[in-house]
Amino acid sequence: MGRLEIHQELVTREIAEKMCEICPFHAISYDGNVLEVDAGCKMCRLCVKKGIPGVITWEETAEKEIDKSSWKGIAVFAEQEEGVIHPVAYELLGKAKELAAVVSQPVYAVVIGNAMEKAVKELMHYGADATYYYESENLEEFSPVPYTDVLEDFLEEVRPAVIMFGATIKGRSLAPRAAARFRTGLTADCTALLMKENSDLVQIRPAFGGNIMAQIVTPNVRPQCCTVRYKVFPKALRHSKPCGKFILRKIQDERIRTGIRLLRKTKKPGQIDISEAEVIVAAGRGIHDKKGMNLAEDLAEILHAQMACTRPLVEAGRFDARRQIGLSGRTVKPKLIITLGISGAVQFAAGMKGADCIIAVNKDRNAAIFDVAHYGFVGDLYEIVPELISLLGGGGK
Amino acid sequence: MRILVCIKQVPGTAKVDVDEKTGVLKRDTAETKMNPFDLFAIEEGLKIREKYGGNVDVLTMGPSQAEAVLVEAVWMGADRGILLSDRNFAGADVAATSYTIVQGIRKMGDYDLIICGKQTTDGDTAQTGPEAAEFLQIEHISNVLEIERKEGGRLVVLENQDDCVRKLEIPLPCLITVEKNANTPRLPSLKRALTEKQIEIIKLELRDLPDTDTNHYGLTGSPTQVERIFPPEKKETKQMFEGNAGQIAAKFKEILTEQKFV
């Protein structure tokens with residue numbers, strides 16, 4: 001850790017202007033006398049690395065060291081709804097095995113629920129060295145505070161170096177509470193994870209709301225917490241026999257305290273779920289009228305594909321929000337995705353780059369989508385798609 | 001009822017590029033706007049005030065320019081704004097940000113209801129609200145679709161889940177995050193903008209907060225650290241095709257056939 005030090009004695013107007021210019025967050029200002037870094041600073045330290053040498057420097061401050069060796073293992077929170085384990089847990093377990101192998105540490109799964117021992121035993125086929133199951137009638141329904149209390153119990157007993165959550169609605173509610181209770185870091189929506197030999201987890205995610213990836217670590221606090229979206233990592237292999245230890249924890253009801261009461265639960269009818277789709281046709285801003293929508297829909301029908309879209313099309317009211325791909329929408333991992341008129345902002349790409357085959361159609365040969373696509377077609381979708389539809393034997397309509 | 005809505009100023013555009021040669025981040029404009037998700041949070045706060053009385057404060061943390069989003073919220077109908085701004089807050093991650101916001105809340109006194117947007121468009125984490133609730137030691141419900149009613153010291157809300165909607169009762173004080181499109185946010189009133197003589201904005205710096213230890217704020221108070229930033233990787237196996245529509249469509253069909261999609 002450290003801080004920025006400004007060496008005012010080196011500052012001239014010319015130098016100050018250069019320094020102000022270099023900051024991508026416009027957080028450096030100069031009033032004619034004093035060069036200042038304001039609260040808009042994101043500590044990217046580009047002013048130190050790329051600015052005029054010596055004007056702004058990085059001063060390391062002493063760190064309190066923690067005993068990392070007393071925190072061992074990678075834990076996966078396997079969330080459940082009505083006794084069914086969310087499939088993201090199998091993907092997290094696969095990644096956890098990989099990470100744990102680097103440091104030769106165990107993998108743990110933790111389940112919180114009620115009357116679901118069979119589902120927990122099935123989870124044990126996916127390679128965890130120990131599976132903890134916290135059971136109580138009052139834990140059947142997700143509630144942030146009781147679940148955090150239980151996790152606190154688990155984390156204090158097991159002391160894992162890392163705990164991973166699915167970036168689901170429940171995961172995004174629980175993970176921050178658990179992280180805050182341990183005063184530790186939490187990195188959301190990681191798209192890649194690596195393990196250092198000292199058990200520091202390298203967490204990579206799109207950041208700064210732009211075409212940038214950030215590599216994030218939690219070097220001085222344990223446990224390290226992160227969330228990962230569904231369909232980002234491949235599912236762990238299923239072993240024919242259950243692995244590891246099964247540890248049942250019955251929780252006393254008086255230990256579960258919450259003021260929140262469930263009054264009613266209503267199933268949503270006819271869910272649109274693009275995250276399970278095998279083939280997707282995704283529409284972007286290049287589709288700007290009804291005709292374009294019809295073309296995309298016709299192509300989707302021929303390919304038995306689900307329709308999906310980018311954020312602007314949801315904002316324009318052309319699509320249901322549940323069809324949006326990207327950081328503020330869904331993550332998809334289909335066998336094939338065809339993008340039509342999508343420029344490929346990093347938030348969108350983060351939601352689909354795990355697809356096995358990406359085919360992009362865009363007018364602009366420099367569009368970012370071509371950086372993630374396996375096959376890029378430069379041209380007007382309004383001309384290409386009708387031709388393609390007729391070649392595929394559609395277009396009778 | 002004392003209501004607080006936490007909001008954020010975000011970049012007006014998501015476009016940031018990395019200069020491949022120098023590795024420097026380039027942001028096209030300095031334009032900023034209110035985080036769009038926060039509009040639903042403000043609207044929900046104003047609706048509750050209309051029904052049950054009380055006042056609505058809005059709070060933000062950021063550079064001094066972030067005052068603009070507080071003013072916008074006041075024009076929408078909020079009573080006053082609170083700006084948490086200090087150089088020591090710079091570089092804060094989720095934990096340090098939530099902690100700073102909670103310090104600001106403690107300074108301002110007891111709120112019955114704290115409302116946040118579901119997430120921001122720049123960080124996209126959806127974590128700051130629940131972390132703040134934990135630091136405040138109050139309960140929270142994320143992804144609220146509607147505050148149905150208040151009954152004594154409790155709220156009845158509808159919560160959005162993946163495949164169901166839950167009707168939940170939660171005691172005050174509490175924190176909720178409001179789902180996108182939960183309501184139709186009102187526009188800032190021009191009349192309000194023109195006639196309000198004085199907009200009340202309370203500015204809080206580190207020295208105004210209950211905890212003035214710089215080690216708990218900004219980068220120093222952040223458990224996570226950004227080690228490096230880099231442009232996203234490019235696929236190496238990509239094939240590009242150009243030509244007239246007929247040629248492209250033929251190639252397109254060839255690939256789909258090869259890959260057994262048709």
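Before we start, one definition: helices (H or I, at least four residues) and strands (E, at least two) are DSSP runs, numbered from the N terminus. With that in hand, hello everyone, and let me show you around this structure, which is a predicted model.

Let's begin with the two chains. Chain A has 397 residues, and 61% of them count as buried. Its secondary structure comes to 11 helices and 22 strands. Taken along the principal axes, the C-alpha atoms of chain A fill a box of roughly 75 × 65 × 45 Å. Chain B has 262 residues, of which 55% count as buried. Here you will find six helices and 15 strands, and the C-alpha trace of chain B spans about 65 × 45 × 40 Å along its principal axes.

Now please turn to chain A and look for its open sheet. In what order do the seven strands of this sheet come? Reading across, the order is S11-S15-S10-S5-S8-S9-S16, and the pairing is parallel. At the edges sit strand S11 (186–187) and strand S16 (245–250), each of which pairs on one side only. Let's step inside the sheet for a moment. Strand S5, residues 74–78, runs parallel to strand S8, residues 107–113, and five bridges join the two in chain A. If you would like one pair to click on, take A:Phe77, whose bridge partner in S8(A) is A:Val110.

Strand S9 of the sheet also leads us to the surface. A:Glu137 is found in the loop between strand S9 (130–135) and helix H5 (144–158) of chain A. Why does A:Glu137 count as exposed? Its relative accessibility is 62%, and the cut-off for exposed is over 50%, so A:Glu137 qualifies. A:Glu137 also has company: together with A:Glu140, A:Asp253 and A:Glu254, it gathers in a patch of negative charge on the surface.

Another exposed residue on chain A is A:Val84, with a relative accessible area of 55%. A:Val84 lies in strand S7, residues 84–85. Its C-alpha atom is separated by 21 Å from that of A:Lys333, and the two residues are 249 apart along the chain.

Next, some backbone geometry. Most residues other than glycine have a negative phi, and most peptide bonds are trans. Let's see where this model departs from that pattern.

Each chain gives us a cis peptide bond to look at. In chain A, the bond from A:Arg222 to A:Pro223 is cis, with omega near -5°. A:Pro223 is found in the loop between strand S14 (212–217) and strand S15 (224–228). In chain B, the bond from B:Leu172 to B:Pro173 is cis, again with omega near -5°. B:Pro173 has its place in the loop between strand S11 (164–171) and strand S12 (174–178) of chain B.

Then there is positive phi. B:Gln137 is not a glycine, yet its phi is positive, about 55°. B:Asn143, also not a glycine, has a positive phi of about 55° too. Which of their surroundings should we compare? B:Gln137 lies in the loop between helix H4 (128–136) and strand S9 (139–151) of chain B, whereas B:Asn143 is placed in strand S9 of chain B. B:Gln137 is exposed, with a relative accessible area of 73%. B:Asn143, on the other hand, has a relative accessible area of 8%; buried means under 20%, so B:Asn143 counts as buried.

That is my tour, and thank you for listening!

How values were computed: Residues are numbered from 1 along each chain as its sequence is written. Chains are lettered from A and ligands numbered from 1 in the order in which they are written. This is a predicted model: local features need pLDDT of at least 70, side-chain atom pairs count only at pLDDT 80 or more; totals for chains, interfaces and linings use all residues. Side-chain values use heavy atoms; hydrogens and water are left out. Patches are made of residues with over 30% relative accessible area and no salt bridge: like charges are joined within 9 Å, nonpolar side chains (Val, Leu, Ile, Met, Phe, Trp, Tyr) within 5 Å. Accessible areas come from the Shrake-Rupley method with a 1.4 Å probe; for residues, only the protein chains shown count as cover. A salt bridge is a side-chain nitrogen of Lys or Arg within 4 Å of a carboxyl oxygen of Asp or Glu. Lys and Arg count as positive and Asp and Glu as negative; His and the chain ends are not counted. The place of a charge is taken as NZ of Lys, CZ of Arg, CG of Asp or CD of Glu. Buried means under 20% relative accessible area, exposed over 50%, partly exposed in between (1.4 Å probe, protein chains only). Two strands pair if DSSP finds at least two bridges between them.
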